[in-house]
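Please give a careful account of the fold shown here, paying attention to its helices, its nonpolar core and its charged contacts.

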Amino acid sequence: MASEQAELMAQVIVERSNVERITHERNRALADLDMAEQLIRTLHCQKRLMMGALEHIVSELRAVMPYVPTHGALADHISAQIVHAQTTLQSVTEED
């Protein structure tokens, strides 16, 4: 009887250890999930800021265009920047 009781006590100790290990792993996984969710929120915020900045750049470049000669390197460069910003905005918007 004493040996059965000792064996059962050993099993209880092992099971408690397993429960503690699983609880620790669960808590770590929950912390990782919280961190991942915070990172996602941060990335969405950065994306919105980037989109706002790109929209502002396009607006500013368009405002400058009437004062730039219609032909030449500067006009071509500004037009290319507008197209690049618009393409970037479109690709970022499509990812949603």
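The report below takes up the helices, then the core, then the salt bridge.

The model is a predicted one, in which local features need pLDDT of at least 70 and side-chain atom pairs count only at pLDDT 80 or more, while totals for chains, interfaces and linings use all residues. Residues are numbered from 1 along each chain as its sequence is written, and side-chain values use heavy atoms, with hydrogens and water left out.

Helices are DSSP runs of H or I with at least four residues, numbered from the N terminus. The expected span of a helix is 1.5 Å times one less than its number of residues, and the table sets this value beside the separation of the end C-alpha atoms.

| Helix | Number of residues | Expected span | End C-alpha separation |
|---|---|---|---|
| Helix 1 | 63 residues | 93 Å | 92 Å |
| Helix 2 | 22 residues | 32 Å | 31 Å |

For helix 1 the two values agree, and for helix 2 they agree as well.

A residue is called buried under 20% relative accessible area, exposed over 50% and partly exposed in between, with a 1.4 Å probe and protein chains only. In helix 2 the buried residues are Ala75, Ile78, Ile82, Ala85, Leu89 and Val92; they cover an arc of only 130° around the axis (taken from the directions from the helix axis to the C-beta atoms), so they lie on the same side of helix 2. The face turned away from that buried side carries the exposed residues Ala73, Asp76, His84 and Glu94. In helix 1, Lys47, Met51, Leu54, Val58 and Leu61 are buried, and these residues pack against helix 2, just as the buried residues of helix 2 pack against helix 1.

The largest nonpolar core has eleven residues, among them Met51, Val68 and Ile78, where such a core is a set of buried Ala, Val, Leu, Ile, Met, Phe, Trp, Tyr and Cys residues joined through side-chain atoms within 4.5 Å. Helix 1 (2–64) and helix 2 (73–94) each supply at least two residues of this core, and the largest share, six residues, comes from helix 2. Leucine 61 touches Ile78, Gln81 and Ile82, not counting residues up to four places away in sequence, contact meaning heavy atoms within 4.5 Å.

The structure holds one salt bridge, defined as a side-chain nitrogen of Lys or Arg within 4 Å of a carboxyl oxygen of Asp or Glu. Glutamate 25 forms this salt bridge with arginine 21, the closest N and O atoms being 3.2 Å apart. Because glutamate 25 and arginine 21 are four residues apart in helix 1, about one helical turn separates them. Glutamate 25 is partly exposed at 39% relative accessibility, and arginine 21 is partly exposed with a relative accessible area of 42%.
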